[in-house]
Amino acid sequence: MKYISTRGQVEPKGFIDTVLMGLADDGGLMVPEHIPVIAPETLNEWKSLSYVDLFLTIFSYYTNDEIPAEDLKDLATRSYANFRHPEVTPITKIDESLYIMELFHGPTFAFKDVALQFMGEFYSYVSKKQNEIIHILGATSGDTGAAAIQGVRGKEGIKICILHPHEKVSRVQELQMTTVDDQNVLNLSVKGNFDDCQKIIKELFGDLAFKKEYHLRAINSINFLRILAQTVYYFYAYLHIDQGQHQLKKINFSVPSGNFGNIFSGFLAQKMGLPINKLIIATNENNILERFVQTGEYKPGDFRSTYSPSMDIQVASNFERYLYYFVGEDTAKVSEYMNTLKSEGQIVMTGDDLAKVQSDFAAYGASNQECLDTIVKYKGDHDYLLDPHTACGITAYEKYQGDDEICITLATAHPAKFDEAIILCEIEQEFPEQIKELFSKPQYQEVVEHDTTEIVRQLEAFYTLK
C-alpha cells in the first residue's frame, strides 16, 4: 500500500512516512493509492473480534507491516487500556430505530481519544525507533487539543503545541488542555476562531523549510492516521448492533461533523465494503456542509458561536479528500477545484454533480434552539443525557430516518464537557470525578494575537527549550 497526495505532486509514500508528513508537501491531503474492499463473508467473520483485534485487522490492510505485528498490537493495547469501558466504544439502544455509539469513554471524554491515544503511542514509538525528536503542532476547536495533549504529555522525544480559539471553547475543554503542566506541552490561546487557528497551522506546514527544521508533525484530521483509526468504530458499530434488526433493515449513521474528518471516516468504511445505507452529516449553525449537500455551494459563511463549539467551523479540512473521490481520483481536477476555492472563495456543484453529492450524503444543520430542545426531549423521554454535538446528530437523524432503517448516531462527547448547554436546558448533571478535579487546578497557557509571526516566535522558543 502506497499513499499519494490529492493534488498529485508528492511521490508515493509508505505508511509511516505518510503519517509523519501529515499535510502533503504540495498542500494536499494524503490518501491510499487504492482502498481495500472487504468481502461480505469476511465482514461476517469480524463480528467475533474485540475492538483491539478489529483495529489490528483493519490496520493490517494499510500498514505494509512497516510496524511489526507484535509492536502494533502493543501500541493498540496500550492505547485503549485506559478507556473506561471494556468495549471501548459501547452501543446503547434507545428504541427500535435508534442506537447511540458512545465514543466518549477515553481519558478526555471525547471521540478524539479513539484516534489520538493511538497516535500518541505511534509517535512515541517512531521517535524512539528513528532517534528523532517530534514536534506536534495542531489546532483545536476544543476536543482534539485535549485528547492530543493527553496522548503525548510527558512522553520522551515529543513536544506538542496546540492552538485553540481564545474563549471560544467550553470551560471544561479549556481546562483539560491548560491545566497540564508538563514541559513538553505548550498551549496557545489565539484571539480568533478555530478557522483562524487552522489557517495558521496549514500555513506553517506549507512552509517546508520550517516544517523540516523543526520536525513538525500533525495531529489534526489532515493526518490520515486519524481517519483510519476512526474508521474502525464504524465497522464495530455495524457489526455489534442487534443482529435481528441488523438483517432486516438498512443501517444509517448520523455523524456530528465540523472538519469533515469523522464523516469521511465513515465514507472510507463504506468504500471498503461496509454496507452503510445513509451517511448523515449533522452540523450546527456553522452549516457550510449542509449548504453544500443541499445546494451544491461550498462557501464559508459568517462564523457563529453555538452551544456545540467543537463544530464551530466554516472551512472543513477533510472536504478535499472527498473531492478526490468525487472527481474519480483525478488529482488535476482536485487542484483545479482547490484553486477555484482559493481565488473565488467558493466551489459550486450543479446538475448531475449535485445529484452525486446527494447520493453520497444527507445533511442537516441544527439551530441552537433545536439542539437544546433535543437534549430536553431525550432526557425526558429516554432518560438519556446528550451532549450538544450529539444532540445535533440526533436532530439530523430525526429529519432523515425512514421506516425500514436503523440509525447509529455517534455520541462524540460526554455532556459534562459542555455544561453551559445543559444548564440552559435546566438539567443538573453529575460531573465525573476526573472533570470535577479540573476546576481547582492552575492553568498554563499563553494568550496571543492572531498573528503568524508571534506564533512562530512562541514555537521557536518552545522547540529550542531544553
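Which residues line the second largest cavity? Hold that thought for a moment, everyone, and thanks for coming. What you see above is a predicted model, and I would like to walk you through the spaces inside it.

So, the answer. The lining of the second largest cavity is made up of Ala139, Gln198, Ile201, Lys202, Asn220, Ile222, Asn259 and Ser317. By type, that gives 3 nonpolar residues, 4 polar ones and 1 charged one. Helix α8 is the main contributor here, with 3 residues. The volume of this second largest cavity is about 50 Å³. Please keep α8, Lys202 and Asn259 in mind, as I will come back to them.

Let me step back to the whole chain. We have 21 helices and 15 strands in it. Its radius of gyration is 21 Å, close to the 23 Å that the globule rule gives for 466 residues, so the chain is as compact as a globular protein of that length. If you lay the C-alpha trace along its principal axes, the spans are about 60 × 50 × 50 Å. Of the 466 residues, 61% are buried. And if you take contacts between residues at least 6 apart in sequence, 75% of them join residues at least 24 apart.

Now, back to the cavities. How many cavities of 30 Å³ or more does the structure hold? There are 5. The largest cavity has a volume of about 270 Å³. Its lining comprises 27 residues, and those nearest the centre are Phe111, Lys112, Gly258, Asn259 and Ser310. Helices α6 (143-152), α10 (224-240) and α12 (261-271) are the elements that each give two or more residues to this lining. In terms of chemistry, the lining of the largest cavity splits into 9 nonpolar, 14 polar and 4 charged residues. You will recognise Asn259, which is also listed in the lining of the second largest cavity.

Next, the largest pocket. About 860 Å³ of space lies in this one. It is lined by 28 residues, with Arg7, Lys202, Val315, Met338 and Lys342 closest to its centre. There is Lys202 again, which we met in the lining of the second largest cavity. Three helices, α8 (194-206), α14 (319-326) and α15 (331-344), each supply at least two residues to the pocket lining. Which helix gives the most? That would be α8, with 8 residues. The pocket lining holds 12 nonpolar, 6 polar and 10 charged residues.

Let me finish at the N-terminal end. UniProt, in an unreviewed entry, places the feature "domain: Threonine synthase N-terminal" at residues 2-80. In our model, that span is 43% helix and 8% strand, and its end C-alpha atoms are 27 Å apart.

One helix to look at while you have the structure up is α3, residues 51-59. Here 7 of the 9 residues are buried, so α3 is largely enclosed by the rest of the structure. The buried ones are Tyr51, Val52, Leu54, Phe55, Leu56, Ile58 and Phe59. And what covers them? The cover includes α1 (15-21), α4 (69-81), α5 (112-130) and α10. As for α10, that helix also turned up in the lining of the largest cavity.

That is my tour. Thanks for listening, and I am happy to rotate the model for anyone who would like another look.

How values were computed:
Residues numbered from 1 in each chain as written. Predicted model: local features only at pLDDT ≥ 70, side-chain atom pairs only at ≥ 80, totals over all residues. Heavy atoms only, no water. 1 Å grid on protein atoms, 1.4 Å probe; cavity = no way out; pocket = protein on both sides within 12 Å on 5 of 7 lines; lining within 4 Å. Points joined across faces, edges and corners; volume = space filled by probe spheres on them. Helix = DSSP H or I, 4+ residues; strand = E, 2+ residues; numbered from the N terminus. Nonpolar A, V, L, I, M, F, W, Y, C, P; charged D, E, K, R; others polar. UniProt positions renumbered as here; feature names shortened; annotations may be inferred. Rg over C-alpha atoms; globule rule 2.2 N^0.38 Å. Buried < 20%, exposed > 50% of the residue type's maximum accessible area, 1.4 Å probe, protein only. Contact = heavy atoms within 4.5 Å.
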